[in-house]
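Trainee: I'd like to learn how to read the contacts around a bound ligand. Can you walk me through it?

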Amino acid sequence: MSSKIIALIPAAGTGTRLGDSLPKQYLDINGAPLIVHTLQALARVLRIEKIIVVLSPEDQHWRGLVANGGSAWQALSARVETINVGGKSRRDSVLNGLNAIEFKDQWIMVHDAARPCIRSELVEQFIDELENDSVGGLLALPLSDTIKLDDGNLRVAKTLSRENIWRAQTPQMFKFDLLRKALTASPNATDEAEAIEACGHQPKLVMGDSANLKVTYATDLKLAKMLLSES
Ligand code: C5P
């Protein structure tokens, strides 16, 4: 079965942890806004039919990106649409995005705008692993660090087992109807998979990549610049 997939990109965050007034998706990485790198990687995946970016209703920066984006934007413009329906949380932005589109039985691939180092080849593998799955799934990485539980006073109460523990990444991909129903019922979900789990399903774990980092802190931005200059 060959699937047509809609990519939904939550990009309505303010990125306050980076300490910059510009939302992190618009910070410069090697001459282009961070989100342009994310969109370029997804646009290379031809099984993605359309890329829909969820912006904040107050977004002040997308227009400038389009106006000044030059050939990088020209190449993307045919594949990318925006909707200004972002909400208070990431979950709200994704759900508002789903409520603003209507795709019925389609696969929806949610990918954070803030993960610009995603590789197109990894997205292709991810789709291969999931397109015939009955639930859907997510990229994730087995934990490599030792995990400590604190006692509330910066003292270790206990070392936890890291066996079978994974760190969730994006993309995460589920069918439109199931995902919308699940997110509607899970107001506090921090990712799509959590909402799907709460409906009694078991999302599939697909091996991710440590380079697929989410830009959150200044060091992540430096790392993303290095990784993207190499590729
Ligand atoms: O804040 P965090 O790094 O977890 O955000 C992950 C992704 O979700 C980012 O691409 C961000 O723009 C998006 N987001 C959103 N709406 C929010 C908060 C975050 O679209 N209210």
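Mentor: Sure. Start with the general idea: a polar contact is a pair of N or O atoms within 3.5 Å. Bear in mind that this is a predicted model. Here, a backbone N or O atom of A113 and an oxygen atom of the ligand are 3.1 Å apart.

Trainee: Which other backbone offers a polar atom to an oxygen atom of the ligand, 2.9 Å away?

Mentor: That's A12, through a polar backbone atom. A side chain joins in as well: K214 has an N or O atom 2.8 Å from an oxygen atom of the ligand. As for cover, the ligand on its own has 460 Å² of accessible area, and the protein covers 87% of that.

Trainee: Where does the ligand sit?

Mentor: In the largest pocket. There are 16 residues around the ligand, and P10, A12, K24, S93 and K214 come nearest.

Trainee: How many residues of each class are in the shell around the ligand?

Mentor: The shell splits into 6 charged, 5 polar and 5 nonpolar residues.

Trainee: Let's try a single residue. Is S120 buried or exposed?

Mentor: Compare the relative accessible area with the cut-off: buried means under 20%. S120 has 9% relative accessibility, so S120 counts as buried. You'll find S120 in helix α5, which covers residues 120-130.

Trainee: And which side chain does the side chain of S120 make a polar contact with?

Mentor: The side chain of R44, at 3.1 Å.

Conventions:
Residues numbered from 1 in each chain as written. Predicted model: local features only at pLDDT ≥ 70, side-chain atom pairs only at ≥ 80, totals over all residues. Heavy atoms only, no water. Near = heavy atom within 4 Å. Polar contact = N/O pair within 3.5 Å; in protein donor to acceptor, adjacent residues only side chain to side chain. Areas by Shrake-Rupley, 256 points an atom, 1.4 Å probe, with all protein chains shown as cover. 1 Å grid on protein atoms, 1.4 Å probe; cavity = no way out; pocket = protein on both sides within 12 Å on 5 of 7 lines; lining within 4 Å. Sits in = over half its atoms within 2 Å of the grid points. Nonpolar A, V, L, I, M, F, W, Y, C, P; charged D, E, K, R; others polar. Helix = DSSP H or I, 4+ residues; strand = E, 2+ residues; numbered from the N terminus. Buried < 20%, exposed > 50% of the residue type's maximum accessible area, 1.4 Å probe, protein only.
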